[in-house]
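Student: I'd like a close look at one part of this model, starting with a pocket and then following the elements around it. Could you walk me through it slowly?

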Amino acid sequence: MSAATPATPATPDAGTTAGTALVTGASSGIGAAVAAALVRRGYRVYGTSRDPERVQSPVDGVTYLALDLTDEASIEACAVAAGEVDVLVNNAGESQSGPFEELPMDAVRRLFQLNVFGAVRLSQLLLPGMRERRRGRVVMVGSMLASFPLAHRSSYVASKAAIKGFASAARREYAPYGVGVTTVEPGAIATGISARRTQYVADGSPFQDAYETMLSRLNHHEAHGTSAEKVAAKVVAAIEARRPRQLYAVGNAAPVVFALRRILPRGATEFMVHRRHGLR
Ligand SMILES: NC(=O)c1ccc[n+]([C@@H]2O[C@H](COP(=O)([O-])OP(=O)(O)OC[C@H]3O[C@@H](n4cnc5c(N)ncnc54)[C@H](OP(=O)(O)O)[C@@H]3O)[C@@H](O)[C@H]2O)c1
């Protein structure tokens, strides 16, 4: 791997046939697994980190670029550095939790800048090239929580619902150009994200007990969750599908729970989601 940041737009290596992929947040977890899977599939892969020099376990074959999705100039520089991109995986994200009324607005704004607006902006910069070349894929890494909302995760749920909304509407704009835009919703995935989750609970919060109960179940599910490699396989399937579906899901027995969601009343699904997290 190389931690270099090319100064000029990159061009595919001779012999690389699958195309060029850019995976945001490839320094750990799902992003690293997706980047590794795409290298194996023959893509030239750029992965991003806020600090490419300090990526702890760089993925072999991945060139790391600097990207901070909360910084507009960094997003633009990353798009220039990557050059012609055939596959964009908007994976980087923050996991945030806290009772709705106790979420500081600056934290909510940061979350939306990172999980939503940053990914939207990067996509806006790379999609015109895909459209002109009449080939490309954009994958948003969402969360099953957007389909199954959970108390005390409102900002995160809303950010993942928002990015899915952008993708689900825009996909019809790009389908005529052979460009697929899709969302992959992981369930609980064992990446260690629990330790990096930002939390906002006020001292003496009336929600403290319910919040702690939810959080301990959430962390337990994540620690015993699906592997990042399984998510990566789903992302690759979405990328390589001739006509990518609007939505893919992986983990948390996704096929079963989405089927139940279709046949059960909304209230029943809501009840089940909260019971699974120790809440009424
Ligand atoms: N793990 C789960 O249970 C789960 C479930 C559903 C959905 N997801 C979603 O899957 C994605 C990856 O999650 P993960 O579990 O693999 O998490 P992770 O290991 O914590 O990875 C998060 C990635 O985001 C990058 N990142 C953080 N802040 C950034 C910023 N300001 N600008 C650019 N990049 C930034 C990090 O890179 P640097 O720190 O190197 O910059 C890191 O590579 C996220 O969108 C998450 O919401 C995860």
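Student: Which element gives the most to the lining of the second largest pocket, and with how many residues?

Tutor: That's strand E7, which gives three residues to the lining of the second largest pocket. Before we go on, a word on what we're looking at: this is a predicted model, where local features need pLDDT of at least 70 and side-chain atom pairs count only at pLDDT 80 or more, while totals for chains, interfaces and linings use all residues. Residues are numbered from 1 along each chain as its sequence is written, and side-chain values use heavy atoms, with hydrogens and water left out.

Now the pocket. A pocket here is an open set of points on a 1 Å grid over the protein atoms alone, with protein on both sides within 12 Å along at least five of seven lines, and its lining residues have an atom within 4 Å of a point. Ours has a volume of about 250 Å³ (the space filled by probe spheres set on the points, which are joined across faces, edges and corners). Strand E7 covers residues 179-186, and the lining includes Val179, Gly180 and Val181. Gly178 is in the lining too, along with Ala175. E7 isn't working alone, mind you: H5 and E7 each supply at least two residues of this lining. Helix H5 takes in residues 154-174, and Arg171 and Arg172 are both on the lining list. Rounding out the list are Arg137, Arg242, Arg243 and Pro244. (Helices, H or I with at least four residues, and strands, E with at least two, are DSSP runs numbered from the N terminus.)

Look at the chemistry of that wall: it divides into four nonpolar, two polar and five charged residues. For the tally, Ala, Val, Leu, Ile, Met, Phe, Trp, Tyr, Cys and Pro are nonpolar, Asp, Glu, Lys and Arg are charged, and the rest, Gly among them, are polar.

Stay with H5 and E7 for a moment. Lys164 and Glu185 form a salt bridge, with N to O at 2.8 Å. (That label needs a side-chain nitrogen of Lys or Arg within 4 Å of a carboxyl oxygen of Asp or Glu.) Lys164 sits in H5 and Glu185 in E7, so this pair ties together parts that are 21 residues apart in sequence. Both Lys164 and Glu185 are buried. (Buried is under 20% relative accessible area, exposed is over 50%, and partly exposed is in between, with a 1.4 Å probe and protein chains only.)

H5 also leads us to an enclosed space. Exactly one cavity of 30 Å³ or more turns up, a cavity being a set of grid points where a 1.4 Å probe fits but cannot get out. Its volume is about 60 Å³. H3, strand E6 (136-141) and H5 are the elements that give two or more residues to its lining. H3 gives the most, with three residues. The lining includes Leu114, Asn115 and Ala119, as well as Met140, Val141, Lys160 and Ile163. By class, this lining has seven nonpolar, four polar and one charged residues.

From there, follow H3 to its salt bridges. The whole structure holds seven of them. Glu72 and Arg121 pair at 2.9 Å, N to O. Glu72 belongs to helix H2 (residues 72-82) and Arg121 to H3 (residues 105-133), so you're joining distant parts of the chain, 49 residues apart. Glu72 counts as partly exposed because its relative accessibility is 37%, and Arg121, at 24%, counts as partly exposed as well. Glu76 joins in too, with Glu72, Glu76 and Arg121 linked in a network of salt bridges.

H3 has another tie, at Arg133. Arg133 bridges to Asp86, with their closest N and O atoms 4.0 Å apart. Since Arg133 lies in H3 and Asp86 in the loop between H2 and strand E4 (87-90), the pair ties together parts 47 residues apart in sequence. Arg133 is partly exposed, at 29% relative accessibility, whereas Asp86, at 9%, is buried.

One last stop on H3 is Gln124. Gln124 is partly exposed, at 44% relative accessibility. The C-alpha atoms of Gln124 and Leu264 are separated by 37 Å, and the two residues are 140 residues apart along the chain.
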